[in-house]
Amino acid sequence: MMYGSWLGLAILLLVVVLVVVTVRNVAVLKFGALAAIPQLGKGSRELYGVRLLQNFSLNSGDCDAYKLAADLAVVADSLPGVFVLPGSLLSKERIIITSPSAIRKIATDDVFDKPGFVKTTLGGTFGSDSMLFAIGTKHRRLRKVAVDLIHQEILHKCTRAFFRAGRRLAETWLSPKPPVEAHHANMNTTLGVITESLFSCDIPERTRLHNLYVAMFLEEAPSSLDLLTGYILPYGPLLVGYRNARAARLVLRSVIEERRRNRNPSRTDLLEQLLSALDDGILDIDELVSQVQTLYVAGFSTTAIWLSWSMYYLAWSPKWQEKIRTEIASIDNIQDDNERLPALDSLPLLHAFMKEVLRLHPPITDTLRQNSSDVFIDGFMIPKGTLLRIPIASVHRMERFWGTSASEFDPTRHLNLDGNGSTSGLWLPFLTGPHACIGGRYARLEVKAILYELVRKVSLSEPRVGICRTTLGNPSKLSLRADPL
């Protein structure tokens, strides 16, 4: 009897919550400050499903996320560049931004910051003091330190690591037992590169870090509690990886502390540069650890996604694979890696191919902002505290910017550009403005060097890719056939 009473009370409470939330959502959209902004209609919302409302930015890099992005692109093409995605029981309404002028404003104005729940849930992975979560003076200080790190001299020292990684990966694919899962192999490759770049050598903790990050990004099996948070919190599933993120931070901090106790002035790696900033009082120790976390995670995870999708499309299109193989053969006479990399970076077909990969499969599918004060965007007044979403992967697939072939893989669109999305600032895999990713050039050079070594020795075919439903998502279960040339 008591059980029935509690069940009835729970049902009554749920009904009340549903009514209150529904009335609140209707009131906000019909009579509130957002009433003047065009809204996504019910029929359009059904087009891409409830999952988009609940998990709008969870599956960055995930196959399903790209399909949802394509569905949203179809809808967005029929609406203005600023429109409202209505809320639901499990998600607050937010403004969808696809207008070039609005994107530029949000990317450059400090009134727009990442929402608090994003900082909380991603802070464990990237560090709460990461420049990713800073604005204003603090952001400019942290960004300057990071920009100074990845300058030409440092990239020059990373060059041989890039090519070595490519040669090792090619050997792996040509071995009697090639990788069963390509993206795992690529994560291991890019993890080795960023480890060498950060620490100038391999470290005993690499295996531990690799296992933690693979679990976070690919293999984490959510508990019942984790699944529950995924339905209640907008970024709930990211909590799945929190435990491993905390463990990884402790491992990285121990590496840093060991280096501090045993400084070697002859080292010129990224960590040594950061320690110099610590010595000069530019960074404190927590900020330093967070920057290492950020560089480490961004330096291997998103780069591995770019590399994996590049390999997928090489296998998917034998025509483009042969074009690129022919083009890179033109620099085979250059023996020195440091001379070869600039020549490789200037090859137009390879460059266009890689840009098109990122257009259709940006590792970060979208980004959220929240305004700290009332602000006008494209003539609409946006009240303080509104969630604003830039759907990067959807913008990349909108016919309004990319023409009727927007959904097709066509690298030639990046050759002889004539005012298309790429030149108008709507190619956004690294975002834009003062908060744009500083590691874009590092990642581009690394992927090009690896592909150079791979394509010269291996023919890729028969691509297959599965779906990964974990923290940030990846092209998991990517399988390829590799034949020696």
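Hi everyone. Let me start with a definition: when two helices meet, an angle under 35 degrees counts as roughly parallel, over 145 as roughly antiparallel, 65 to 115 as roughly perpendicular, and the rest as oblique. Keep that in mind as we look at this structure, which is a predicted model.

Our opening pair is helix α15, residues 318-328, and helix α17, residues 348-360. They pack at an angle of about 140°, and their axes are 8 Å apart. That angle falls in none of the named ranges, so α15 and α17 are oblique to each other. Who touches whom? On the α15 side we have W320, K323, I324 and E327, and they meet P348, L349, L350 and F353 of α17. Six of these contact residues are nonpolar, two are charged and none is polar. Here is a handy reminder for reading the α15 side: an α-helix has 3.6 residues a turn, so residues three or four places apart point the same way.

Now for another pair: helix α6, residues 116-126, packs against helix α14, residues 285-316, at about 85°, with the axes 8 Å apart. That makes α6 roughly perpendicular to α14. From α6, the residues G124, T125 and F126 meet S290, Q293, T294, V297 and A298 in α14. This contact has five polar residues, three nonpolar ones and no charged ones.

Last stop, helix α20, residues 440-457. How far apart should its ends be? At 1.5 Å a residue, its 18 residues should span 26 Å, and the end C-alpha atoms are indeed 26 Å apart, so the two agree. And 15 of those 18 residues are buried, so α20 is largely enclosed by the rest of the structure. Thanks for listening!

Conventions: Residues are numbered from 1 along each chain as its sequence is written. This is a predicted model: local features need pLDDT of at least 70, side-chain atom pairs count only at pLDDT 80 or more; totals for chains, interfaces and linings use all residues. Side-chain values use heavy atoms; hydrogens and water are left out. Helices (H or I, at least four residues) and strands (E, at least two) are DSSP runs, numbered from the N terminus. The expected span of a helix is 1.5 Å times one less than its number of residues. Buried means under 20% relative accessible area, exposed over 50%, partly exposed in between (1.4 Å probe, protein chains only). Axes are lines fitted to C-alpha atoms, for helices over the stretch in contact, and angles run from 0 to 180 degrees between N-to-C directions. Contact means heavy atoms within 4.5 Å. Ala, Val, Leu, Ile, Met, Phe, Trp, Tyr, Cys and Pro count as nonpolar, Asp, Glu, Lys and Arg as charged, and the others, Gly among them, as polar.
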